Amino acid sequence: MPPSTSPGIGVSDSKELSDIHEALPSSTQAERLRFLADRNGDSKSAIEKLRNYLEWKSRHCDDDVDHLDPWTYATRMALRASGNYTDSKTESTHVMDTTTKLPCTLFMLEHEQSSENNNADDVSVIKKRYLQHLPARIDTKLANTSVYALALAIYLDRALDRTSTEKVTLVIDVRSGYGWANIKAYHLLPFIQSTVRLLCDLHPMRLERCIIFPVPAVANFIWLAVKPFLGKDTVHKVCLVSGMAGTNDRVPEKLNKYLDHDLIRKFEERRTSCFSKK
């Protein structure tokens, strides 16, 4: 049975898919569909990009530690790949212990929501996947931002099924939190740029939507710096929701335009559960 397809990914010409399969037999049909759609039907370009992804996957995935939870697995692989980290105070480089526990910044959540079909009386319930990201938990004293960016890419690779073209909505909550490192926005710029590059290169056609909130005025320069690294299709999927970004600031009411009340409540419960009890 062919893999399910998502909006924007159609069944392309069989000749092009066959060319990719012949060049990269270890790839899945869903991967061939996604990368071909990303390259606008150019099979040669899709083969090159997909080959780079498969080589990356072979370097950063390890079945021997596949029993670990997704975040522990992702950070261990990212730390192993980096082999070092930079102390933000001394700027000196140290060997990184791959058993170091980095604060979890990612949480995957499945949420059911109603979807009306052509018939107003015909309402179906569909499950969608949301990835909650809390960048204020990034602690650069433990690892530099490139390690966290790589961990995010590995996390997604672990969480999403290779045989499916399923998509995920990325929800980035930039508010600070009690007991967190609360890295400043301008220090996050290298992380955001690294993350954007990795996701575009490694996980094309996986992003349903990216919602960033609450966006303070300082975020405008971050968006302008990141925007050039995004394709036109990705730019249209990014939704910025303005608001105050303090620890005790409430979720902006405008967020209800993109997420329902129950889902926002679940995100808020997850965020506050990460606060330090001290």
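Phe-275 sits in the segment that follows α9 (261-273). In this predicted model, Phe-275 counts as buried because its relative accessibility is 15%, and the cut-off for buried is under 20%. The C-alpha atoms of Phe-275 and Gly-177 are 6.1 Å apart, although 98 residues separate the two along the chain. With neighbours within four places in sequence set aside, the contacts of Phe-275 are Gly-177, Tyr-178, Trp-180 and Thr-247.

**Helix α9 and its contacts**

- Helix α9 contains Lys-266.
- Lys-266 has a relative accessibility of 26% and therefore counts as partly exposed, whereas Phe-275, in the segment after α9, is buried at 15%.
- When neighbours within four places in sequence are left out, Lys-266 is in contact with Leu-109 and His-111.
- Between the C-alpha atoms of Lys-266 and His-111 there are 9.5 Å, and in sequence the two residues are 155 apart.

**The chain as a whole**

- The protein chain is made up of 278 residues, and 45% of them are buried.
- Its secondary structure comprises 9 helices and 7 strands.
- Taking contacts between residues at least 6 apart in sequence, 73% join residues that are at least 24 apart.
- The pair Phe-275 and Gly-177, in contact and 98 residues apart along the chain, is an example of a contact over such a separation.
- Lys-266 and His-111 give another example, being in contact at a separation of 155 residues.
- The accessible surface of the chain is about 14,800 Å², and carbon and sulfur atoms account for 50% of this area.

**Strands β5 and β6**

- Strand β5 covers residues 168-173, and 6 of its 6 residues are buried.
- On one side of β5 the side chains are those of Val-168, Leu-170 and Ile-172.
- Thr-169, Val-171 and Asp-173 point the other way from β5, and they too are buried.
- Strand β6 (residues 207-215) runs parallel to β5, and 6 bridges join the two.
- Within this pairing, Val-168 of β5 has Leu-207 of β6 opposite.
- Strand β6 also includes Pro-214.
- The peptide bond between Phe-213 and Pro-214 is cis, with omega at about -25 degrees.

**Positive phi at residues other than glycine**

- Asn-40, in the loop that links α2 to α3 (43-60), is not a glycine but has a positive phi of about 55 degrees.
- With a relative accessibility of 74%, Asn-40 counts as exposed, because the cut-off for exposed is over 50%.
- Met-205, in the loop between α6 (185-202) and β6, is likewise not a glycine and has a positive phi of about 65 degrees.
- Met-205 has a relative accessible area of 15% and is therefore buried.
- The two loop residues thus fall in opposite classes, with Asn-40 exposed and Met-205 buried.

**Thr-72 in helix α4**

- Thr-72 belongs to helix α4, which spans residues 70-82.
- The relative accessibility of Thr-72 is 14%, so this residue counts as buried.
- Pro-103 is 31 residues from Thr-72 along the chain, and their C-alpha atoms are separated by 9.6 Å.

**Internal space**

- Rolling a probe the size of a water molecule over the atoms shows where empty space is left.
- Searching the whole structure turns up 1 cavity of 30 Å³ or more.
- The largest cavity holds about 50 Å³ of space.
- Its lining consists of Glu-31, Arg-34, Tyr-53, Leu-156, Asp-157, Leu-160, Arg-162, His-203 and Arg-206.
- Helices α2 (29-38) and α5 (145-159) each contribute at least two residues to this lining.
- By class, the lining residues are 5 charged, 3 nonpolar and 1 polar.
- The charged residues of the lining include Glu-31 and Asp-157 as well as Arg-34, Arg-162 and Arg-206.
- Tyr-53, Leu-156 and Leu-160 are the lining residues classed as nonpolar, and His-203 is the one classed as polar.

Terms used: Residues are numbered from 1 along each chain as its sequence is written. This is a predicted model: local features need pLDDT of at least 70, side-chain atom pairs count only at pLDDT 80 or more; totals for chains, interfaces and linings use all residues. Side-chain values use heavy atoms; hydrogens and water are left out. On a 1 Å grid over the protein atoms alone, a cavity is a set of points where a 1.4 Å probe fits but cannot get out, and a pocket is an open set with protein on both sides within 12 Å along at least five of seven lines; lining residues have an atom within 4 Å of a point. Grid points are joined across faces, edges and corners, and a volume is the space filled by probe spheres set on the points. Helices (H or I, at least four residues) and strands (E, at least two) are DSSP runs, numbered from the N terminus. Buried means under 20% relative accessible area, exposed over 50%, partly exposed in between (1.4 Å probe, protein chains only). Contact means heavy atoms within 4.5 Å. Accessible areas come from the Shrake-Rupley method with a 1.4 Å probe; for residues, only the protein chains shown count as cover. Two strands pair if DSSP finds at least two bridges between them.
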